[in-house]
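Visitor: I'm new to this one and would like a close look at a single part. Could you pick the strands around one hairpin region and walk me through them, then show me what else is worth a glance?

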Amino acid sequence: PIVFDLREDPDVVGHNHWSKALGIHARSLEIMDTMGIVDRFLEEGLTIKAFNAFNQKGEKVAKIGFLQQHYESKFKLIKSLPQYETERFLREELKKKNIDIRWESKVTGITESVDSVTIQIEGKEDVTVPWLVGCDGGHSIVRKSMGISFEGEDIESSFAMVSCKVESNQPEDEAIISLGSTLLILPEPGQRARILCPVSDDIVQASKAPTLEFFQTFPSFDCKLSEANWLTFFKIRERLAAKHRKGRVFIAGDAAHTHSPAGGQGMNTGFQDVFNLAWKLALVAKGVGQTSLLGSYEAERRPVAAALLKNSGRTTKFAMAQNSIAAGIRVAVAQTVPHLQFLHQRMAQSLGMLDISYADSPISKDCVKGKWLDFTKSAAAIGTRVPHHSIRASDGVHTTKLLMEVCSQDTRHNLLVFCSPSDLVLLKETKALTRRYENYVNIHVMLKEQSDAEALSLKETKALMRRYENYVNIHVMLTKEQSDAEALSSDITSYFEDFDLSLATKFGIAETGFILVRPDQHFSFRSSPAEIS
């Protein structure tokens, strides 16, 4: 791949300190973990432990810091890291992988043909590529060149923002929101903070940017501000692209959707866009996936962006209502939320962006029959992330792993086969089914009853593995104690114990079944009982 960037190389000319996006949510940390780069973000980012709400008098009326503990993820936190640092970390990872970043490349136009895309770059030779992904922001030249409309409206209010050093009587790792003036203070690493507040159009018209003194005038917080990196006015532009794909050209992130910063989910949504697209594009580029697979990108991600625009816009308008009644309602809501325990689980998954579902995707299919249809209503829904579930390895020391980690060990699909040792016909048919995709699918066998040496012999296991030995990892899920060591073949990568059938229950599997987990850890196919057809 080649990356084209309009800017000069920051490592040569120096970094600007326009913070832009700040919060990194649990799902984004999972994505980075899959890529093997999460440690640096965890080390350098500041964990936001709580949000403190103040009323019009400057009195604290609520402290909300409990939702993260309900995250169904190993990352039960929100990280604060300025976007320029996030970009720097990602840029350094690209260099390690020898990915070409072409700086000072201003794209001026795009021409698409049947089998390629030609990119016109100001002052440089045209570049022809098989596929193009435009991640070039709200003013995307890629989107405009492809004639994709960008529809929506602006929120009427203007906002002022600063990134600066803050000395205050509040904890450095806790955010502040004034429910009266709608002032928001978000902590950044290094005893700094992002401060946002609404301003009148008169103030905006009077100067090009706010002053640090302007923010210092807000009462009741006893803050001293200094060392401003970035001072600006801005408006919220809510826009959604009519399409996320046109032929061989895709758009992602702000090029496809812009919205209110409420919830801090903009950059995170962009991460999920490209994480959704990358594995599909890789399979098609390698000739393994059909081109129609790419149609699922827009089908899955555009509804997510539309829902985000709707929800963040409503939240912003509610927070912006400047009258005593609205301020009173905001205080009442803030005071009530800590007591609504029955909603905390759902609220937490939404905040961490862990509840995204692709149930309506053209590549999602649920084939559960008979009496188990009602049973699966309490099981994980098709199109969601794999359950946050610990499984114990049958390795002598009983190492515990998360299913998410097992399904994230490489970029392949993971096929979970729930069966008993006597189901050799099913295993053989599974082998034939996956032959074409041997380099791209891991097979995990989940045994439903005690193994029998004759039914699952070393010979049969070796026969199953022979064709896939360089490409496939098989993980066996034991549901009962193993009685015959010879039945456990050394060809199988690892064994896991599910003696209480808790994993099968979470997936809604009875007797036999298939679960297909995509490279982005969403499961897109369920069959119970297992049927090859």
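Guide: Here is a walk along one strand and its partners, followed by a few other stops. Keep in mind that this is a predicted model.

Let's start with β9, the strand that covers residues 117-121. Four of its five residues are buried, so the strand is mostly covered. On one side its partner is β8, residues 107-112. These two strands run antiparallel, joined by five bridges. If you want one pair to find on screen, look for V107, whose bridge partner in β9 is I121. Between β8 and β9 sit four residues, and the two strands make a hairpin.

Now go on to β10, residues 127-129. It pairs with β9 over three bridges, again in the antiparallel sense. Here the pair to look for is T118 and its bridge partner in β10, T128. β9 and β10 form a hairpin too, with five residues between the strands. In that hairpin you'll find G123, which takes a positive phi near 75°.

From there, hop to the loop between β12 (150-167) and β13 (174-178), where P171 has its place. P171 has a relative accessible area of 38%, so it counts as partly exposed, between the 20% and 50% cut-offs. Its C-alpha atom is 9.9 Å from that of Q191, although the two are 20 residues apart along the chain.

Next, the inside. Nonpolar side chains tend to be buried together in soluble globular proteins. In this model, the largest nonpolar core has 24 residues, and I24, L29, M32, F41 and Y71 have the most contacts inside it. Helices α2 (26-35), α3 (38-44) and α8 (266-285) each supply at least two residues of this core, and the largest share, four residues, comes from α2. Try clicking on M32: leaving aside its neighbours within four places in sequence, M32 is in contact with I24, I37, V38, F41 and F271. Another core, of 20 residues, lies apart from that one, and A393, M446, I509 and V517 are among its members.

Last stop, the surface. F318, I325, I329 and V333 form a nonpolar patch there, with about 360 Å² of accessible area together. Helix α10, residues 324-336, gives the largest share of the patch, three residues. V333 has its place in that helix, and at 39% relative accessibility V333 counts as partly exposed.

Technical notes
Residues numbered from 1 in each chain as written. Predicted model: local features only at pLDDT ≥ 70, side-chain atom pairs only at ≥ 80, totals over all residues. Heavy atoms only, no water. Buried < 20%, exposed > 50% of the residue type's maximum accessible area, 1.4 Å probe, protein only. Core = buried A, V, L, I, M, F, W, Y, C linked by side-chain atoms within 4.5 Å. Contact = heavy atoms within 4.5 Å. Patch = residues over 30% accessible without salt bridge, like charges linked within 9 Å, V, L, I, M, F, W, Y side chains within 5 Å. Areas by Shrake-Rupley, 256 points an atom, 1.4 Å probe, with all protein chains shown as cover. Salt bridge = Lys/Arg side-chain N within 4 Å of Asp/Glu carboxyl O. Pairing = 2+ DSSP bridges.
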